[in-house]
Structures are given as structure tokens and as C-alpha cells.
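Colleague: I am new to reading structures, and I would like to learn how the words we use are tied to the values. Could we go through one together?

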Amino acid sequence: MTLPNLAPIPELYVSHESALKLKVEAATLPSWDLTARQICDLELLMNGGFSPLKGFLSEADYNGVVDNMRLADGTLWPMPITLDVSEKFAEGIAPGQDIALRDQEGVILAILSVTDKWEPNKAKEAENVFGADDLAHPAVNYLHHTAGKIYLGGPVTGIQQPVHYDFKARRDTPNELRAYFRKLGWRKIVAFQTRNPLHRAHQELTFRAAREAEANLLIHPVVGMTKPGDVDHFTRVRCYEAVLDKYPQSTTTMSLLNLAMRMAGPREAVWHGLIRKNHGCTHFIVGRDHAGPGKNSEGKDFYGPYDAQDLFKQYEAEIGLTMVDFKHMVYVQERASYFPANEVPEGCTVLDISGTELRRRLREGLDIPEWFSFPEVVSELRRTSPPRAKQGFTVFFTGLSGSGKSTIANALMVKLMEMGGRPVTLLDGDVVRKHLSSELGFSKEHRDINIKRIGYVASEITKNGGIAICAPIAPYTATRRAVREMIEAYGAFVEVHVATPIEECEARDRKGLYKLAREGKIKEFTGISDPYEVPGNPELAVDTTGVDVDHCAHQVILKLESMGLIKG
């Protein structure tokens, strides 16, 4: 049997001496502060994980990749690796210029020699790469709402790799893994890509895959960006480490991959294969609905369950890796062991727990059986995902001025403090204006900034297990949605629309604001000269007309109880 090609692959770094010199020179160059995704991409460009790429794609390479998964020279490459920047930054940049690429602390990581600058057709990129220009796809959403409007392309000169303070012993470059395989004399290496915690079915699957391929096993989880809502990588790596000793030490190793996933299904599977080839692997497990993002805006899966396997098979020889089919493993009660779903003995009872069911059991503090997962993994997940009644959450009141938001919010705060158990913080609109946003006016731009500041503070409170109660007017749907996304990364977001009609609000007019707005003395006043966009689907709507405050606050308490956030 011949050894796999484990010779070192080209990296884009310069020598230590050259790097020191370049750092000094780069200090005078225009600088681009890289986003989290761009840092992941740059690291894999520099260390050879994205070989044969020598930098961010030129326009010709980008067009080839988008159109037919090939670089301009015909080389197979399925994913656009582009440096997206803002229009404002791009105005001062021209091809032939060098720019310094910095991390979020301002450290210079590399120099980009710009050869191309263009405005891409993002709708076409979404259609071709992700299969649909559908904002329900996280990468398409990112493309339209987060990524810059202009792309820069050109070769990269690596000065230093991004610094990681976590799990340093588990992070290996492609060449470090190749050297490790060489040293141990491993001839066949099957890579397992994962962005989820490992449960017993995964262990059984990887055991079988390695046995069938007569190969050693590389557990190669992604710790860069994954799908919004995924378990954070700190928790996942602790879960992986907890079960690593269930594998034979002499034939299994684990390394972390700082990849920013795009959840592009079939194209992503081919991309993952090329990346694992660069890391010295010979086989790759391609899963059912590999790197699928879930449901589209019509409630259907973005990709068919075997589309990724079919596309990988089509390019298998060119990728240079052998595909190992993912077998969907299920637990057979009578045999007390796992079987591939298509090999279950007739008449036997199949047990399975979906991801949704697992999250429900964690949220409600219910039992998770040992046949499904290892106690060590469940213990780690419970630390990160305690039952809902112990998690932080945010109650976000929205409504017109004078609708009763602040009054209900104050009553709710007192009721929650009476219950005890978690710290409660009230972020009232007027108080926030005084302490956090005193320099802001009331233009749409300034209102959005103010609401996002409230959302950021509430997300931090939620993340740390507290209860945040917010009571701004928050008139715009898009801003409320942005705040919801910010908070739901850490806990529940409960939107309460205080739907008191404007006639009632104006009749109260305790501060005389409506009168001044009618007289034109206050510009851009919500409900009079500026719109209020009514929430389409709040968790709760209350109208304070002729209803006492205690009743309204009690309605919120009942909603929180029904959601499992508090216990009565």
C-alpha cells in the first residue's frame, strides 16, 4: 500500500524576519479591519487549508466559481472566497495598491495586493452557490445584510496567523496534521466533519466508517462560524473531549478547524472534501443533508437529503478523497444497540431523539436517556443550556408614547423581583436616553442606534442569566427584528405590543407631547409625523384602555409561565 501524499503544502506566510519588516511597512498602508468570517477565511488561505488559492478571488476566478465551481484556470473550487468591503472603504482603493488586513484588535495579519475591485451580482451568487436567493438561508441573509457591497481580490502575503486563546493544543495547521500522520505512519485517514455535539449515534457512525475504510479517524469539528442557533464551540469542544476516550487512542485523533461554514449543502460538501485533502486525509464522511441550513421560506428543505453525496461522488476523483457514505444510525430497543436505519431487523422497535426533541428536553429539564448520549455530554449541555426557568430572557415592550409601556414594565419588574431567583433590570426608554444615548436626536438613524444599544445591553443581561425589561417606543420592524436576533442568540425574546389606540394615548398626553407634535413644534413624532410599524406577530398584545396596570402585568406573567420562563 502506498502512503498518501503527506508532503508539506504551500503556505502564504513569509519568514519571521520578513514579517517584522513588513509589519513596519504595513503601518502606513490603508487598513481593513476583518470581520469574524474574513478572519476564518484568511487563516485557511495563509496556512494552506484553502490551497491552491493564493489569496482572495479575482473577478475572473469569482465568476468561474459562481458559474461552474471552477477557477479561471479550470481548477475545481466550489466556494467564493472574497474580501467584501464597504463602498466607503472601496472608494479609496484601486487595483495595484496594497492594503493591510487587521484583526479586530488592530493587529496586522497580512497584506493584500489588490488586483481586482468590483460590485458583484449578489442575487446571482445566492442562486448559483446556495440554490436560491432566499433570506431564510443564513449565508444568503449574510450576503445581503452583512457582507460589504464591493469585493476586492488579489494575492495575500501572510505576516502572522490569527491568535487563538482557546484550545490551543487542539488547533493544527494542514502541515502540522500532515506531519502528525507521517510520524505515526497512518496510511488512510477518514475525516469526520461536525458542527454538533457527538452523541452515541455519531460515535457508532464514525466507528463503522473507520472500520469499513480500514482507516484511522480524524474527528475534525468546525469551530469558526456555523449556523446561527448552533451550540457554541466552547461547549461543543468540551463535549468532544469528554467522549474522546471512548475511541481507541492509537487510531483516533481530534483537531479543530477554524472554518466559517456557509451551509451550502452540495457545494459545501465538495469544499469540505478539498479542505480535508489539504489536511492530509484520504477519506471523508459525507452526511445525509450535509451542511444543510434547514428549511427555506416555504418550509421545505433547501437541499435534498442525498444531493451532497451525489455531487461529491461526481467530483470524487478530482477532489482526491474517497467518500464514505453517512449511515443514518438508529437505536434498536430489543437489541440494545445501534443499526443503520435500512438494516433494522423486522419487527424491532426503533428509538430516536431529534435535535428539536433534544433541545426541548434540555429546555424543560427532562431526562435524556443514556442510549442516546453519553452522561458526560449531557452534563456539558446542561451547563450551557439550563432549563428555561433558569435562563436569562428579555421582555421587550413596544408601543406609542403614552400607551402604558413604562407603567406595565415597572409593575412587571416588581412582580418578577418579588418572585426572586434572577436579577431584573429595567431599561426604560427615557432612562436609557438619559444615561446611554444622551447625545442622540430623534431622526430614524438615531432612533435605530438607541434601540440597538438597548438590545445590546439586554443581550448581555440575558446571556448572563438575568431578566431584561425594555420599554422603548421602537417604531420600526427591522430594528425590532435586529434586536430579537441579538437576544435570541442567548435566550428568549418576548415581544409585548402595548396596542393602546393613538386616540387614547393622545387623550392621556401626560407630558403634553402630542399637543406639541400637532402644533408642529416636535418634528418626527411617532404616530403623528413619523410612522409606527405595528408588530405582525408579537408574543403578546395588550391594550391598556380602561384596564388597570396590574391586570396587564399579570397577562405578561401568564405568558412567561406558559413559555416556561418562570414558574408560578
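Colleague: How do you know that strand β13 and strand β14 pair, and in which sense do they run?

Modeller: This is a predicted model, so everything here is computed from its atoms. Two strands pair if there are at least two bridges between them. Strand β13 (residues 329-332) and β14 are joined by four bridges, so they count as a pair, and they run antiparallel. To see one position, look at Met 329, which stands opposite Pro 340 in β14.

Colleague: What makes β14 and β15 edge strands?

Modeller: The open sheet has three strands in the order β14-β13-β15, with antiparallel pairing. β14 (337-340) and β15 (350-351) each have a single partner strand, so one side of each is left without a neighbour in the sheet. Helix α8 (residues 200-213) packs on this sheet and touches β13 and β14, with its direction at about 60 degrees to that of β14.

Colleague: Why is Ala 336 called exposed?

Modeller: Exposed means over 50% relative accessible area. Ala 336 has 52%, so the word applies. You will find Ala 336 in the loop between β13 and β14.

Colleague: What is notable about the phi of Ala 336?

Modeller: Most residues other than glycine have a negative phi. Ala 336 is not a glycine, yet its phi is positive, about 55 degrees. Phe 167 is another such case, with a positive phi of about 50 degrees. Phe 167 sits in the loop between β7 (150-158) and α7 (174-184).

Colleague: And which residues does the cis peptide bond join?

Modeller: Most peptide bonds are trans. The cis bond joins Ser 51 and Pro 52, with omega at about 15 degrees. Pro 52 belongs to the loop between α2 (36-46) and β2 (55-56).

Colleague: Why is strand β8 described as mostly covered?

Modeller: Count its buried residues: in β8 (residues 189-194), six of six are buried. Both faces are covered, with Ile 189, Ala 191 and Gln 193 buried on one side and Val 190, Phe 192 and Thr 194 buried on the other. β8 also pairs with strand β9 (residues 216-221) in the parallel sense, over six bridges. Within that pair, Ala 191 has Leu 218 of β9 as its bridge partner.

Colleague: How do you know that the largest nonpolar core lies between two domains?

Modeller: Look at where its residues come from: domain 1 (4-158) and domain 2 (168-257 + 263-331) both contribute to this core, so it lies between them. The core has 74 residues, and those with the most contacts inside it are Phe 50, Trp 77, Leu 83, Ile 99 and Leu 101. Setting aside neighbours within four places in sequence, Phe 50 is in contact with residues including Leu 44, Trp 77, Leu 259, Trp 271 and Ile 275. A second, separate core has 34 residues, among them Val 190, Ala 213, Ile 219 and Leu 358.

Colleague: Which domain have we not visited yet?

Modeller: The domain assignment also gives domain 3 (388-563). The centres of domain 2 and domain 3 are 44 Å apart, taken over C-alpha atoms.

Colleague: What makes β17 and β20 edge strands?

Modeller: β17 (424-428) and β20 (540-542) each pair on one side only. They belong to an open sheet of five strands, in the order β17-β18-β16-β19-β20, with parallel pairing. Neighbouring strands of this sheet are turned by 15 degrees against each other on average, direction ignored. Inside the sheet, β16 (residues 393-398) and β18 (residues 467-471) pair over four bridges, and Val 395 stands opposite Ile 469 in β18. Helix α14 (residues 405-419) lies across β16, β17, β18, β19 (492-498) and β20, running at about 165 degrees to β18.

Colleague: Why does Cys 281 form no disulfide?

Modeller: A disulfide needs two cysteine sulfur atoms within 2.5 Å. The closest cysteine sulfur to that of Cys 281 is in Cys 40, 19 Å away, so it is too far for a bond. Searching the whole structure gives zero disulfides.

Colleague: Are Cys 281 and Cys 348 buried or partly exposed?

Modeller: Buried means under 20% relative accessible area. Cys 281 has 3%, so it is buried. Cys 348 has 22%, which makes it partly exposed.

Key. Residues are numbered from 1 along each chain as its sequence is written. This is a predicted model: local features need pLDDT of at least 70, side-chain atom pairs count only at pLDDT 80 or more; totals for chains, interfaces and linings use all residues. Side-chain values use heavy atoms; hydrogens and water are left out. A nonpolar core is a set of buried Ala, Val, Leu, Ile, Met, Phe, Trp, Tyr and Cys residues joined through side-chain atoms within 4.5 Å. Buried means under 20% relative accessible area, exposed over 50%, partly exposed in between (1.4 Å probe, protein chains only). Domain bounds come from an automatic or database domain assignment. Contact means heavy atoms within 4.5 Å. Helices (H or I, at least four residues) and strands (E, at least two) are DSSP runs, numbered from the N terminus. Axes are lines fitted to C-alpha atoms, for helices over the stretch in contact, and angles run from 0 to 180 degrees between N-to-C directions.
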